[in-house]
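Here is a small set of exercises to work through with the structure in view. Try each task yourself before you read its solution.

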Amino acid sequence: MNKIFNQLFLYLCIALFCASCNNDGDTVYADGMAPSELIATSSDVKLDISQRAKVVLQLAWIMCVQLPLHLIMLT
């Protein structure tokens with residue numbers, strides 16, 4: 001009798017697991033990105049083994065915010 005309950009419990013767990021794996025459509029998509037700019041600290045990078053502890057290149061991703069025309073005129 002105990003073996004039957006264990007099998008029923010196992011089948012119930014498998015059924016619940018399979019029922020919970022559906023896609024609910026909660027994927028987020030970007031709808032239009034603001035213009036952005038990638039800037040670097042240097043355009044000419046030279047690697048040298050004697051200066052291996054120094055930072056050679058840094059990159060930054062900057063979001064360019066476009067102000068409305070009436071805000072530009074006021075400033």
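The exercises below go from confidence and layout to surface and contacts.

**Before you start**

This is a predicted model, in which local features need pLDDT of at least 70 and side-chain atom pairs count only at pLDDT 80 or more, while totals for chains, interfaces and linings use all residues. Residues are numbered from 1 along each chain as its sequence is written, and side-chain values use heavy atoms, with hydrogens and water left out.

**Exercise 1. Find out where the model deserves trust.**

Step 1: Learn the score. pLDDT is the predictor's confidence in each residue, from 0 to 100.

Step 2: Take the whole protein. Its mean pLDDT is 75, and 64% of its residues reach 70 or more.

Step 3: Go through the elements. Helix α1 (residues 2-19) has the highest mean pLDDT, 87, and helix α2 (residues 69-74) the lowest, 49.

Step 4: Look at residues 71-75. There pLDDT stays under 50, and the model has 1 contact beyond four places in sequence (contact means heavy atoms within 4.5 Å). Where pLDDT is low, the predicted coordinates should not be read in detail.

**Exercise 2. Describe the layout and check the span of α1.**

Step 1: Count the elements. There are 2 helices and 2 strands, in the order α-β-β-α from the N terminus. Helices (H or I, at least four residues) and strands (E, at least two) are DSSP runs, numbered from the N terminus.

Step 2: Compare the span of α1 with expectation. The rule is 1.5 Å times one less than the number of residues. With 18 residues, α1 reaches 26 Å from its first C-alpha to its last, close to the 26 Å expected.

Step 3: Ask how covered α1 is. Buried means under 20% relative accessible area, exposed over 50%, and partly exposed in between (1.4 Å probe, protein chains only). The number of buried residues in α1 is 0, so this helix lies largely in the open. For the protein as a whole, 0% of the 75 residues count as buried.

**Exercise 3. Which residues make the nonpolar surface patch, and which strand gives the largest share?**

Step 1: Set the rule. Patches are made of residues with over 30% relative accessible area and no salt bridge; like charges are joined within 9 Å, and nonpolar side chains (Val, Leu, Ile, Met, Phe, Trp, Tyr) within 5 Å.

Step 2: List the members. L38, V45, L47, V56, L57, L59, W61 and M63 make a patch of about 850 Å².

Step 3: Locate the share. Strand β2 (residues 59-63) gives the largest, 3 residues.

Step 4: Examine two members. M63, in strand β2, is partly exposed because its relative accessibility is 45%. L59 also lies in strand β2, and at 57% L59 counts as exposed. Leaving aside neighbours within four places in sequence, L59 is in contact with L38, I39 and A40.

**Exercise 4. How many salt bridges are there, and which side chains meet?**

Step 1: Recall that a salt bridge is a side-chain nitrogen of Lys or Arg within 4 Å of a carboxyl oxygen of Asp or Glu.

Step 2: Apply it. The count comes to 1: K46 meets D44 at 3.9 Å, N to O.

Step 3: Check the partners. K46 is exposed at 66% relative accessibility, and D44 is exposed at 52%.

Conventions
Accessible areas come from the Shrake-Rupley method with a 1.4 Å probe; for residues, only the protein chains shown count as cover.
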